[in-house]
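User: Please take me through this model and, for each term you use, show how the value meets its definition.

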Protein chains: 2
Amino acid sequence: MAETNEYDLVVIGGGPAGYAGAIRAGQLGKKVACVEMERPGGTCLNWGCIPSKALLKSAELYQKMLHAADFGLSTESVGFDFEKIVSRSRNVADQMANGIEFLFKKNKVDYFRGTGHINVPGMVEIKDGLDKGKFLKTKNTLLATGCKMRPFPGLKLDGERVMTSREALVQKKQPDSVLIIGAGAIGVEFAYFYNALGTDVTLVEVLDQVLPVEDEEVAKLLGRSFKKQGVSVHLGTKVDNVKTTKGGVTADLVKGDKVTPIKVDAVLSAIGVIPNLEGAFSSKIKLDQDRGYLTVNDRYATNVAGIYAAGDIIGPPWLAHVATYEAIQAVNGMFGAGEPKRVGLFPGCTYCLPQVASIGKTEQAIKESGVPYKIGKFPFAASGKAVASNASEGFVKVISAETDGEILGVHIIGADATELIAEYALAMELEATPHEIHETIHAHPTLSEALMEAAAATENQAIHI
Amino acid sequence: MAETNEYDLVVIGGGPAGYAGAIRAGQLGKKVACVEMERPGGTCLNWGCIPSKALLKSAELYQKMLHAADFGLSTESVGFDFEKIVSRSRNVADQMANGIEFLFKKNKVDYFRGTGHINVPGMVEIKDGLDKGKFLKTKNTLLATGCKMRPFPGLKLDGERVMTSREALVQKKQPDSVLIIGAGAIGVEFAYFYNALGTDVTLVEVLDQVLPVEDEEVAKLLGRSFKKQGVSVHLGTKVDNVKTTKGGVTADLVKGDKVTPIKVDAVLSAIGVIPNLEGAFSSKIKLDQDRGYLTVNDRYATNVAGIYAAGDIIGPPWLAHVATYEAIQAVNGMFGAGEPKRVGLFPGCTYCLPQVASIGKTEQAIKESGVPYKIGKFPFAASGKAVASNASEGFVKVISAETDGEILGVHIIGADATELIAEYALAMELEATPHEIHETIHAHPTLSEALMEAAAATENQAIHI
């Protein structure tokens with residue numbers, strides 16, 4: 001009977017939402033397929049988080065080697081091979097993508113190569129790709145098609161002079177100079193990467209701070225640090241008149257009335273993302289949308305029965321870990337494996353040096369909300385481990401409610417910030433107070449002591465400041 | 001009146017217990033003095049945790065530079081200056097010790113240089129040192145004299161051929177070969193350090209695993225990793241007949257009936273610590289002791305009114321962070337600033353590579369206790385961040401009670417283990433379940449995701465394995 005070929009779930013998109021949702025369905029013993037037009041892993045694994053972290057690790061080590069004498073070490077002719085740095089990062093992405101294919105097999109996820117298209121609810125057609133022309137009958141469909149880079153108006157990507165992060169991740173030749181448009185996480189990470197390797201970097205942000213979503217105090221310190229590192233940072237500045245020429249790219253930096261022409265080797269546009277729904281479903285299927293993103297209810301269901309959506313395609317914060325969480329929750333809910341939860345708290349991380357990580361609200365947002373608050377701050381300069389590691393830049397800032405001690409926001413800038421934030425993610429999830437963190441014994445000497453000391457500082461009980 | 005010169009608290013010992021207790025009393029507005037025979041910071045800051053971490057950072061970076069090509073980097077003539085590595089670590093210790101002196105001033109702690117001696121309860125005499133001959137009248141006394149290295153029977157320290165960690169931290173010349181007796185945290189860290197810099201290391205442990213207090217599975221992996229790194233590891237082996245000669249040190253490694261003679265440049269004894277109470281109080285004061293350690297009640301009070309004790313001097317686990325916690329609790333209790341708590345949970349860390357960190361019980365201890373348990377394990381090889389960082393050795397192992405999900409023990413071996421353990425310290429303090437950790441969104445890509453995946457694995461819901 002046709003029944004035997006019917007899937008319990010077909011997932012369209014194999015990124016952090018899609019592959020995780022598919023694997024979760026497999027764990028639940030469901031008959032599941034994942035349709036992906038490139039290879040599993042999505043933007044994150046193939047064109048984002050993972051390969052960019054590999055690039056950053058090379059840049060970090062290069063910088064450390066240049067300063068090896070600080071550690072009593074010596075070396076000569078420190079150098080790098082740009083192509084090798086890039087190809088190492090591709091190898092890392094390859095390895096992880098193969099890992100997902102292995103997990104698909106292990107969890108009995110049927111993996112189809114091509115563009116998934118919902119013809120009618122319950123029927124997914126594969127267009128293009130290796131499995132073109134196949135039709136998958138399914139009880140449920142999960143749309144997890146994610147986002148793609150927002151094009152810069154008037155700019156044509158050529159992968160050499162004009163790039164988004166995607167092209168930058170596979171470029172062959174290091175540019176001598178680069179204009180990065182947008183100082184969000186991606187722009188800032190590439191600014192660190194290029195600058196660390198000696199490219200002349202101009203980082204331009206239309207808003208008044210780097211990392212506009214982060215706490216102002218953190219952003220200011222990062223901006224200062226970047227300037228000290230040699231990045232030319234332009235805030236409150238627009239980029240206009242971008243033109244590619246034979247020898248490079250010209251543009252105008254516009255700040256108020258002031259126009260500064262600039263000429264660079266290459267331009268990297270990092271001005272955000274847009275939803276990626278093209279061809280995902282028939283025009284006869286009317287899915288509710290909001291500014292191009294799919295609208296879902298608390299069970300991640302769209303307005304059309306049997307069609308769910310999770311990840312970037314349902315809107316911000318466009319983070320892989322949030323996407324994964326949503327897809328797992330959606331699948332759990334679909335198959336009665338637990339009441340699905342919508343995302344409340346999530347950490348945000350930027351992997352430049354110093355690293356930036358945060359969870360909850362910024363001080364500015366808390367101030368605006370009118371809630372009386374206390375701040376506990378601890379500088380890494382007072383941390384023995386940070387000093388022993390030559391990494392004493394930055395601080396931990398904990399903001400708690402004056403009344404009941406509820407933790408409202410935590411902001412970290414400094415070495416290992418992206419790992420350290422995890423403790424506060426759990427703390428906030430469990431509604432712990434700074435007092436409870438202060439009373440938890442943290443290993444000495446670690447950077448994590450700074451988490452405890454910042455909590456203690458909200459009670460004026462930090463020992464080391 | 002004499003009253004005005006009376007202290008609320010005199011602390012004897014300026015280590016992690018002593019200085020923290022003194023600062024806490026200062027925060028509470030108490031008149032407090034700290035008597036220290038060397039300089040503030042104690043063994044930890046001056047002769048232990050802090051300078052050793054500085055040495056390890058140099059060794060780590062040296063190893064990374066030797067493998068720079070893995071990251072697309074190139075270099076020639078990678079080398080080091082042993083004296084500079086050591087002097088850097090001394091500078092770090094100096095800086096932190098100066099920091100404590102600053103904190104004493106800020107918190108109005110009177111700092112006396114010399115050996116504190118309780119003549120009668122309520123009166124501390126300073127013997128030796130700059131402040132020799134002074135008498136401090138006090139309502140309360142906190143003994144925080146810590147521990148010192150256990151001498152190896154028959155071995156005379158000379159700081160060159162025969163060392164404990166203390167001497168090793170200031171040695172001028174790198175030994176070509178070293179015999180390290182004892183594979184606890186200190187022995188293992190120095191084994192990593194010397195081996196990383198090219199010294200021929202023989203690491204000998206009388207018990208059957210390296211890091212005898214750690215989970216067997218972790219210790220086994222570390223032992224294998226050390227062997228791969230080139231350390232000669234001898235378990236279940238005693239060291240006998242240690243003799244210094246003109247050209248070095250000879251000794252016998254005794255395993256059962258087998259005796260292997262060995263000749264090395266230097267020997268480092270790391271066989272634990274013994275209580276350090278010599279001269280701390282008059283023989284007329286009868287303080288209850290247990291195997292040389294002071295016995296205290298739940299308020300850290302000894303059997304003599306007004307005399308308290310905290311830190312290593314009240315017995316294991318001999319960890320700086322535990323000592324600090326105890327002293328703060330003792331002082332809070334003394335002055336009515338909260339009901340003091342005795343130490344329950346505490347993390348333990350070893351800073352070799354791969355790093356080791358744990359909290360709670362080992363699997364062996366849990367098995368012996370008869371409590372039915374579940375294990376969730378996640379290998380760093382499946383972590384995108386670990387792979388991107390060339391640091392995929394190791395795993396996270398979470399052990400929870402079969403019945404109610406109580407987390408019984410967490411064991412981490414791998415990059416950044418010593419920072420990662422903090423989240424589970426908080427989790428266990430708050431009695432969180434693995435399910436709650438699994439449901440907490442962890443940032444991608446971070447090593448901390450492995451903490452979540454291991455928790456999920458206890459429920460058979462890890463995505464990436």
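**Strand 25 and the two-fold axis**

Analyst: In chain B, strand 25 (residues 407-414) is mostly covered, with 8 of its 8 residues buried. This is a predicted model, in which local features need pLDDT of at least 70 and side-chain atom pairs count only at pLDDT 80 or more, while totals for chains, interfaces and linings use all residues. Residues are numbered from 1 along each chain as its sequence is written, and chains are lettered from A and ligands numbered from 1 in the order in which they are written.

User: What makes a residue of strand 25 of chain B count as buried?

Analyst: A residue is buried if 20 or more other C-beta atoms, placed from the backbone, lie within 10 Å of its own (exposed if 12 or fewer, partly exposed in between); 8 of the 8 residues of strand 25 of chain B are classed as buried. The strand itself is a DSSP run (E, at least two residues), numbered from the N terminus.

User: Which strands pair with strand 25 of chain B?

Analyst: Pairing requires at least two DSSP bridges; strand 22 (residues 355-360) of chain B is joined to strand 25 by 6 bridges and runs antiparallel to it, and strand 24 (residues 395-401) of chain B also pairs with strand 25 in the antiparallel sense, over 6 bridges. G409(B) stands opposite G360(B) and opposite I399(B).

User: How are chain A and chain B related?

Analyst: Superposed by least squares on C-alpha atoms of residues with pLDDT of at least 70 in both, chain B falls on chain A after a rotation of 180 degrees with 0.0 Å of shift along the axis (RMSD 0.0 Å). The two copies are therefore related as by a two-fold rotation axis.

Methods. Helices (H or I, at least four residues) and strands (E, at least two) are DSSP runs, numbered from the N terminus.
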